[in-house]
Amino acid sequence: MEDSEPLVRRWEDLDTDILVKIFQSFDIYQLTSGIAHVCSAWRLACCDPLLWKTLDLSMMKSNFIKIPLEPYVYVDGRSDKKLTHVLKTSLNLSRGNLMTLIFHFNLYVSDDLLTYTAERCPRLKRLVMPAWNRIKKTGICKAIQCWKDLESLTMPSIANPPYLMEEIAKNCKNFNELKIMGPCDIFFASTLVAYLPKLKVLSLRCSMLLKDALIIILDGLQHLEVLNISHCLVIDTAPPRAPRRLLKELDPVILKKASRLRMFLTCMQDSCIMCQRTKNDEGLMRWYKYEKGLWLEDEVRSLAY
């Protein structure tokens, strides 16, 4: 025993399951930093589906400045390069196994990068969209066409929603959850009813919501089971030139219509911090002012991250 050499095990000889367990403690920057190139054993572990059920990029924000012309933001080239590296490396390692993809709302993804992403995660079921500024109609439609299994979407409000909702209706047969981060007017509500009548879960929290739009949703989405309007500014429709009236409480007509729902989540309390913030931001939340990650929260558990 004294003459024998000590037994030394190399890192690449570790069992793959142990390597995967270790890599599960790494963040996305560490996983994409090059450890997959150490050796074939490490690359095999880096590609394990357990590491790639969810790609969470909610910590990545673009370095940008606002400009007066479309797309109304200028993104620093180094910021774009960093995003492209992390995203492409992640998609390469995930080998099409991603089920959930989370972008930060202040991440300005280009059309080409969104298409590249969609083509490499066709099994996606849950998506949190980034800002719309650099994404064109053709880009998002092409992406939706790749995501046949999409069930849940969190998205910023959009000025012209019909084309997007129609694309979802045509391609995503299991789609049932939607969260809108922004105002919901009559046009938006009517679009949901027209194209997504089988929607089961809808969250409009922390936004401006017209009372008539709420009635359209309650009347038109007959399959709806869960509706979250917590911390919303619910605005009563006023005659032309008359000031809008902010409702302090929901009237009996709305409550009766909502009684058929399995869950109707509301909060309109003056003492509520989130209600105060929505009011201060006039129904268009400036999430960058508040706690990190707060924008991802939701009273509906299936929509919270």
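**Entry 1: the outer face of α4**

I looked first at the face of helix α4 turned away from its buried side, and there I found the exposed residues Arg78 and Lys81. I call a residue exposed over 50% relative accessible area, buried under 20%, and partly exposed in between (1.4 Å probe, protein chains only). Helices here are DSSP runs of H or I with at least four residues, strands are runs of E with at least two, and both are numbered from the N terminus.

I noted what I was working with: a predicted model, where local features need pLDDT of at least 70, side-chain atom pairs count only at pLDDT 80 or more, and totals for chains, interfaces and linings use all residues. Residues are numbered from 1 along each chain as its sequence is written, and side-chain values use heavy atoms, with hydrogens and water left out.

**Entry 2: the inner face of α4**

Which residues of α4 are buried? I listed Ser79, Leu83, Val86, Leu87, Ser90, Leu91, Leu93 and Ser94. Seen down the axis, these buried residues fall within an arc of 170°, so they line one face of the helix. The arc is taken from the directions from the helix axis to the C-beta atoms. The general rule helps here: an α-helix has 3.6 residues a turn, so residues three or four places apart point the same way.

What covers these buried residues? The cover includes α2 (28-31), α3 (40-46) and α5 (111-120). It also includes the strands β1 (54-57), β3 (73-75) and β4 (100-103).

**Entry 3: length and ends of α4**

I checked the length next. Helix α4 has 18 residues, 77-94, and at 1.5 Å a residue should span 26 Å; its end C-alpha atoms are 26 Å apart, which agrees. The expected span is 1.5 Å times one less than the number of residues.

At the start of α4, a side-chain oxygen of Asp76 comes to within 3.2 Å of the backbone nitrogen of Arg78. I count a polar contact as a pair of N or O atoms within 3.5 Å; within protein, one must be able to donate a hydrogen and the other to accept it, and residues adjacent in sequence count only if both atoms are side-chain atoms.

After α4 comes Arg95. Its phi is near 55°, a positive value in a residue other than glycine. Arg95 sits in the loop between α4 and β4. Is Arg95 buried or exposed? Arg95 is exposed, with a relative accessible area of 54%.

**Entry 4: two loop residues that touch α4**

Thr32 lies in the loop between α2 and α3. At 3% relative accessibility, Thr32 counts as buried. Its side chain reaches the backbone oxygen of Tyr29 at 3.4 Å. Leaving aside neighbours within four places in sequence, Thr32 is in contact (heavy atoms within 4.5 Å) with His85, Val86, Thr89 and Ser90.

Trp52 lies in the loop between α3 and β1. Trp52 is buried, with a relative accessible area of 1%. With the same neighbours within four places left aside, its contacts include Ser90, Leu93 and Ser94, and also Ile28, Leu31 and Met99. The side chain of Trp52 reaches the backbone oxygen of Cys46 at 2.7 Å. Trp52 and Leu101 are 49 residues apart along the chain, yet their C-alpha atoms are separated by 9.8 Å.

**Entry 5: the loop between β2 and β3**

I found a cis peptide bond from Glu70 to Pro71, with omega near 5°. Pro71 lies in the loop between β2 (64-66) and β3. Tyr72 lies in that loop too. Phi of Tyr72 is near 70°, a positive value in a residue other than glycine. Tyr72 is partly exposed, with a relative accessible area of 42%.

**Entry 6: the cores**

A nonpolar core is a set of buried Ala, Val, Leu, Ile, Met, Phe, Trp, Tyr and Cys residues joined through side-chain atoms within 4.5 Å. The largest has 80 residues; Trp147, Met155, Leu178, Leu202, Leu204 and Leu227 touch the most other members. Its largest share, five residues, comes from α4. A second, separate core of 15 residues includes Phe105, Val128, Cys206 and Leu294.

**Entry 7: the whole chain**

How many helices and strands are there in the protein chain? I read eleven helices and 13 strands. Buried residues make up 48% of the 305 residues. The C-alpha trace spans about 95 × 45 × 40 Å along its principal axes.
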